[in-house]
Amino acid sequence: MAERKVRALATVLKAAQEAQMTTQNLEQERQRRIKAITDRRDYPLVEMREKFAPGTHGCHEALHVASMLGDFVDERLCNHPAVLLNPEWYRLASAAQDALFELYQAIGSAHLGDEKHGQ
């Protein structure tokens, strides 16, 4: 019984470490992408913050893209016969649509003033 608890705890700790690494990797990738935009001189960081902060047209654009992509995934992938015939593919397509809807809600909440993000 104790051995099973130790294995379960080890599994939980390993999952927590992997989640932390994933979070760190995501943040590193986000920072790399920001740097790539500023290095190409598309926008200086200050201007990027001004043009794309919640409440701006740039933020509204991201809201719209999240909505369109979520609809596209739902209409084209979740309803595609190949995906419908494969339970794993359907689960992944449905998770992608759910994640895009969650993103749409998060952007919309900040954009419409329900929350202050990125400031």
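The following exchange examines how several descriptions of this predicted model are reached.

User: What is the overall secondary structure of the chain?

Analyst: The chain contains 5 helices and 0 strands. Along the sequence, the pattern reads α-α-α-α-α.

User: How much of the chain counts as buried, and what supplies its exposed area?

Analyst: Of the 119 residues, 17% count as buried. The chain exposes about 9600 Å², and carbon and sulfur atoms supply 59% of that area.

User: What share of the contacts joins residues at least 24 apart?

Analyst: Among contacts between residues at least 6 apart in sequence, the share is 43%.

User: Why is Thr56 called buried?

Analyst: The relative accessibility of Thr56 is 18%. Buried means under 20%, so Thr56 meets the criterion. Thr56 is located in the loop between α2 and α3. Leaving aside residues up to four places away in sequence, Thr56 touches Glu50, Lys51 and His111.

User: Why is Arg41 called exposed?

Analyst: Arg41 has a relative accessible area of 73%. The term exposed requires a value over 50%, and Arg41 therefore qualifies. This residue belongs to the loop between α1 (2-39) and α2 (45-52).

User: What makes the phi of Arg41 worth a remark?

Analyst: The phi of Arg41 is near 65°, which is positive although the residue is not glycine. Most residues other than glycine have a negative phi.

User: Why is the pair formed by Tyr43 and Phe52 called edge-to-face?

Analyst: A pair of aromatic rings is described by the distance of the centres and the angle of the planes. There are 2 aromatic pairs in the count. In the pair of Tyr43 and Phe52, the ring centres are 5.3 Å apart and the planes stand at 85°. Centres must lie within 6.5 Å, and planes over 60 degrees apart count as edge-to-face; both conditions are satisfied, so the description applies to Tyr43 and Phe52.

User: Are the residues Tyr43 and Phe52 buried or exposed, or in between?

Analyst: Tyr43 has 25% relative accessibility and Phe52 has 32%. Partly exposed covers the range between the buried limit of 20% and the exposed limit of 50%, so Tyr43 and Phe52 are each classed as partly exposed.

User: How many disulfides are counted, and how accessible are Cys59 and Cys78?

Analyst: The count is 0 disulfides. A disulfide is a covalent bond between the sulfur atoms of two cysteines. Cys59 is at 9% relative accessibility and Cys78 is at 6%. With buried defined as under 20%, Cys59 and Cys78 therefore both count as buried.

User: Which residues form a nonpolar patch on the surface?

Analyst: The patch consists of Val65, Met68 and Leu69, which together have about 240 Å² of accessible area. Met68 is part of helix α3 (residues 57-77), and Val65 also lies in helix α3.

User: How do you know that Val65 and Met68 are accessible enough for a patch?

Analyst: A patch residue needs over 30% relative accessible area. Val65 has 34% and Met68 has 42%, so Val65 and Met68 pass that cut-off. Val65 and Met68 are each partly exposed.

User: What distance separates the C-alpha atoms of Val65 and Leu100?

Analyst: The separation is 9.5 Å, for residues 35 apart along the chain.

Notes: Residues numbered from 1 in each chain as written. Predicted model: local features only at pLDDT ≥ 70, side-chain atom pairs only at ≥ 80, totals over all residues. Heavy atoms only, no water. Patch = residues over 30% accessible without salt bridge, like charges linked within 9 Å, V, L, I, M, F, W, Y side chains within 5 Å. Areas by Shrake-Rupley, 256 points an atom, 1.4 Å probe, with all protein chains shown as cover. Salt bridge = Lys/Arg side-chain N within 4 Å of Asp/Glu carboxyl O. Helix = DSSP H or I, 4+ residues; strand = E, 2+ residues; numbered from the N terminus. Buried < 20%, exposed > 50% of the residue type's maximum accessible area, 1.4 Å probe, protein only. Contact = heavy atoms within 4.5 Å. Phe/Tyr/Trp six-rings, centres within 6.5 Å; stacked < 30°, edge-to-face > 60°. Disulfide = S-S within 2.5 Å.
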